[in-house]
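Here is a short walk through one structure, with a stop at its charged pairs and its buried side chains. Please keep the view open as you read.

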Amino acid sequence: MRGRGEGRSGSEGCDRRDSFSNVVELLDDLFERAATADEPTDMNFIRKHALELQAAGETVEASTARIFSNPPGEFGSLVNERVTDGSWEDERDLGETWAKRNAFSFGRSGRGVERRSTLNKLMATTGQVRHSAIFLLLLLLLHLLLLLLLLLLYMRDVGL
């Protein structure tokens, strides 16, 4: 039995990433702007990590990628299937399945670009990753925040 959203492929179902591609592109723009902002790295961790990734040989596009998901047209991490099937030995097996399935970045420079190296390096900078049903709400809130940020940048640029 498959969990909700697990293991589907092709046009079956609908993924938030695909339904809100405009929001994904806006968020990608926000991450790129944060990565290139003229700010100290102790106050801007997106910039700090982007610079570290670039120093380690990642491209600018890869270093600013922050939206990762399954390959284009596929949905689900397949972790639930491995648990249900009992086809895992320890947590590392499940982590590897998740990372392999979620190593594709989405943004303005590409939809579903395989960036496992970038994902691994970014994962090393965090202690916890969450994937939850409130993702859609967070995307919408981030969309509103991005619009506000863009408005503030525009107002600054035109002298308002």
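Which residues of H6 are buried? In this predicted model, they are Leu94, Thr97, Ala99 and Arg101. The cover over these buried residues includes strand S1 (68–69), helix H5 (79–85), S2 and H7.

**How far to trust the model**

Before going further, a look at confidence is useful. The protein chain has a mean pLDDT of 80, and 79% of its residues reach 70 or more. Among the elements, H3 has the highest mean pLDDT (94), while helix H1 (residues 16–19) has the lowest (60). Over residues 1–14 the pLDDT stays under 50, and for this stretch the model has 27 contacts beyond four places in sequence. Please read those contacts with the pLDDT in mind.

**Arg101 in helix H6**

Let us return to a charged member of the buried set. Arg101 lies in helix H6. Its relative accessible area is 12%, and because buried means under 20%, Arg101 counts as buried. Setting aside neighbours within four places in sequence, Arg101 is in contact with Ser69, Asn70, Pro71, Glu74, Phe75, Gly76, Ser77 and Leu78.

**Glu58 and its partners**

A second buried charged residue is worth a visit. Glu58 sits in the loop between helix H3 (45–55) and helix H4 (60–64). Is Glu58 buried or exposed? With a relative accessibility of 14%, Glu58 counts as buried. Not counting residues up to four places away in sequence, Glu58 touches Leu53, Ser63, Ser117, Thr118 and Lys121.

Polar contacts join the side chain of Glu58 to the side chains of Ser117 at 2.8 Å, Thr118 at 2.9 Å and Lys121 at 3.0 Å. These three partners are also on the list of residues that Glu58 touches. As for Arg115, which is 57 residues away from Glu58 along the chain, the two C-alpha atoms are separated by 9.7 Å.

**Salt bridges**

Side chains of opposite charge can pair when their charged atoms come close. How many salt bridges does the structure hold? There are nine salt bridges, and the table gives some of them.

| Acidic residue | Basic residue | Closest N to O |
|---|---|---|
| Asp29 | Arg108 | 3.4 Å |
| Glu96 | Arg116 | 2.7 Å |
| Asp157 | Arg156 | 3.3 Å |

Take the Asp29 and Arg108 salt bridge, with its closest N and O atoms 3.4 Å apart. This pair links distant parts of the chain, 79 residues apart: Asp29 belongs to helix H2 (residues 21–36), and Arg108 to the loop between strand S2 (104–107) and strand S3 (110–114). Asp29 counts as buried, at 14% relative accessibility, whereas Arg108 is partly exposed with a relative accessible area of 41%. The two also belong to a wider network of salt bridges that links Asp28, Asp29, Glu32, Arg33 and Arg108.

Helix H6 comes back into view with the next pair. The side chains of Glu96 and Arg116 meet in a salt bridge at 2.7 Å, N to O. Here too distant parts of the chain are linked, with Glu96 in helix H6 (residues 91–101) and Arg116 in helix H7 (residues 116–123), 20 residues apart. Glu96 is partly exposed, with a relative accessible area of 36%. H7 is also among the elements that cover the buried residues of H6.

Asp157 and Arg156 form another salt bridge, at 3.3 Å from N to O. Are these two residues buried or exposed? Both Asp157 and Arg156 are exposed.

**A nonpolar patch on the surface**

The last stop is on the surface. Leu142, Leu145, Leu148, Leu151, Leu152, Tyr154, Val158 and Leu160 make a nonpolar surface patch of about 800 Å². Val158, one of these residues, is found in helix H8 (residues 135–158). Val158 is partly exposed, with a relative accessible area of 43%.

Key: Residues numbered from 1 in each chain as written. Heavy atoms only, no water. Salt bridge = Lys/Arg side-chain N within 4 Å of Asp/Glu carboxyl O. Helix = DSSP H or I, 4+ residues; strand = E, 2+ residues; numbered from the N terminus. Buried < 20%, exposed > 50% of the residue type's maximum accessible area, 1.4 Å probe, protein only. Contact = heavy atoms within 4.5 Å. Polar contact = N/O pair within 3.5 Å; in protein donor to acceptor, adjacent residues only side chain to side chain. Patch = residues over 30% accessible without salt bridge, like charges linked within 9 Å, V, L, I, M, F, W, Y side chains within 5 Å. Areas by Shrake-Rupley, 256 points an atom, 1.4 Å probe, with all protein chains shown as cover. pLDDT = per-residue confidence, 0-100.
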